[in-house]
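Open the model in your viewer and keep the selection tool at hand. Each stop below says what to select next and what is there.

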Amino acid sequence: LTAEMLASGSWKTASFKKYNFDALGAPTMGGALHPLLNFREEVRNIFLEMGFAEMPTASFVESSFWCFDALFVPQQHPARDLQDTFYLSDPSTSLPPPKSYYDAVAKVHEHGGYGSIGYRAPWSDEDASKLILRTHTTATSSHLLREIATQKGGFKPAKLFSIDRVFRNESTDATHLAEFHQVEGVVADKNLTLGDLIGFMKTFFAKMGLDNLRFKPAYNPYTEPSMEIFAYHSASGKWLEIGNSGMFRPEMLEPMGFPKDIHVLGWGLSLERPTMIKYKYKDIRTLVGHRVNI
Ligand SMILES: COC[C@@H]1[C@H](c2ccc(C#Cc3ccccc3)cc2)[C@@H]2CN(C(=O)Nc3ccc(OC4CC4)cc3)C[C@@H](O)[C@@H](O)CN12
């Protein structure tokens with residue numbers, strides 16, 4: 001039956017086969033979650049079943065103060081250079097946090113304190129106020145930790161996680177983009193030890209199917225001791241670097257207002273690296289939709 005037959009009236013004399021009401025319609029292609037968002041849900045569920053609460057990570061823009069200074073990252077640190085960090089031009093600066101906290105951070109950088117000799121370099125208010133695209137979700141952790149340390153009713157233990165986009169001014173290639181999703185777990189409680197950090201990571205990574213872990217001493221400005229984490233990946237038969245971790249330093253926690261016996265541990269990894277391995281992507285740019293001439 002066509003439009004012409006209807007218009008000309010020839011349908012009246014035409015013979016048609018019996019209408020098959022049982023015929024199936026054309027198969028419709030159902031939608032699917034993007035692999036990255038699929039894996040993000042898997043990681044979110046791992047944290048939730050470990051009793052962690054999700055941090056509010058909506059601010060991609062942060063001040064250098066919260067992304068670096070509050071974390072005791074020195075103002076001369078190369079990570080703060082233009083080739084590693086995206087700086088905003090308009091607006092280019094932010095308002096400082098409450099003066100008492102700001103001054104405590106400036107003091108520990110310039111003169112030390114809490115057993116630390118500090119960086120003994122002149123503090124720059126201008127550097128601390130510069131607005132950037134956050135280079136790690138640890139910037140959000142520093143906001144939340146400050147809130148926990150100063151909340152009404154005093155400190156209460158916390159288990160927090162974040163999974164969101166971070167931005168680094170890096171050249172792109174098959175495994176690096178100028179942005180990626182960082183996954184971060186943070187625990188604040190009385191007298192936490194390195195053993196607790198290792199225990200949390202063993203539980204977390206075991207839920208990702210990584211049981212055989214090794215830890216290697218590393219350096220972060222905001223954690224001491226710090227460790228890189230490696231896992232034996234049976235599918236590839238290789239040891240893979242799967243993240244970084246450490247115990248946040250007193251030079252960061254005490255200016256925030258934490259009592260001396262409250263320790264904070266943290267660990268982090270990316271979302272893209274495991275997703276690429278799980279879904280067998282060779283090039284990260286095909287994972288996130290950049291046009292790639294492979
Ligand atoms: C600029 O690079 C940063 C990113 C990203 C990363 C590194 C460190 C942190 C952190 C942290 C931290 C430290 C202390 C306290 C709080 C947070 C977060 C993300 C991954 C971290 N990495 C990473 O994700 N690797 C990884 C993770 C899981 C995985 O699972 C597969 C099924 C087997 C495979 C690989 C390690 C490397 O890929 C590394 O080369 C790239 N790293």
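**Stop 1: a salt bridge and a network**

Select Arg-285, which is partly exposed with a relative accessible area of 23%. Here buried means under 20% relative accessible area, exposed over 50%, and partly exposed in between, with a 1.4 Å probe and protein chains only. Now add Asp-283, which counts as buried at 9% relative accessibility. The side chains of Arg-285 and Asp-283 meet in a salt bridge, 2.7 Å from N to O. A salt bridge is a side-chain nitrogen of Lys or Arg within 4 Å of a carboxyl oxygen of Asp or Glu. Next select Glu-41, Arg-44 and Glu-54, which are joined into one network by salt bridges that share partners. The whole structure holds 14 salt bridges.

Before going on, note that this is a predicted model, in which local features need pLDDT of at least 70 and side-chain atom pairs count only at pLDDT 80 or more, while totals for chains, interfaces and linings use all residues. Residues are numbered from 1 along each chain as its sequence is written, and side-chain values use heavy atoms, with hydrogens and water left out.

**Stop 2: the open sheet**

Show the strands. Helices (H or I, at least four residues) and strands (E, at least two) are DSSP runs, numbered from the N terminus. Two strands pair if DSSP finds at least two bridges between them. In what order do the strands of the open sheet stand? The order of its 7 strands is S1-S4-S5-S9-S8-S7-S6, and the pairing is mixed. Strand S1 (53-54) and S6 stand at the edges with a single partner strand each, so one side of each has no neighbour in the sheet.

Begin at the S6 edge. Strand S6 (residues 213-220) and strand S7 (residues 223-233) run antiparallel and are joined by 7 bridges. S6 and S7 form a hairpin, with 2 residues between them. Select Arg-214 and look across to Phe-230 in S7, which stands opposite. While in S7, select Pro-225, which lies in this strand. A cis peptide bond joins Glu-224 and Pro-225, with omega about -5 degrees.

Now move to S5 and strand S9 (residues 262-270), which run antiparallel with 9 bridges between them. Select Gly-185 to find Trp-267 of S9 opposite.

**Stop 3: strand S4 and its surroundings**

Select Lys-159, found in strand S4. Lys-159 is partly exposed, with a relative accessible area of 31%. Add Phe-52: the C-alpha atoms of Lys-159 and Phe-52 are separated by 4.7 Å, although the two residues are 107 residues apart along the chain.

Next select Glu-179 and Arg-165, which form a salt bridge with the closest N and O atoms 2.8 Å apart. Glu-179 lies in strand S5 and Arg-165 in strand S4, so the pair ties together parts that are 14 residues apart in sequence. Glu-179 counts as partly exposed at 29% relative accessibility, and Arg-165 counts as partly exposed at 30%.

**Stop 4: helix H4 and the loops beside it**

Select Lys-99 and Asp-103. Both lie in helix H4, 4 residues apart, about one turn of the helix. They form a salt bridge, the closest N and O atoms being 2.5 Å apart. Is Lys-99 buried or exposed? At 61% relative accessibility, Lys-99 counts as exposed, whereas Asp-103 is partly exposed at 34%.

Go to the loop between helix H3 (64-67) and helix H4 (99-111), where Pro-91 is found. The peptide bond from Asp-90 to Pro-91 is cis, with omega near 0 degrees. Phe-72 is also in the loop between H3 and H4. Phi of Phe-72 is near 60 degrees, a positive value in a residue other than glycine. Phe-72 counts as buried, at 2% relative accessibility.

In the loop between H4 and helix H5 (125-129), select Tyr-114. Its phi is near 55 degrees, again a positive value in a residue other than glycine. Tyr-114 is partly exposed, with a relative accessible area of 37%.
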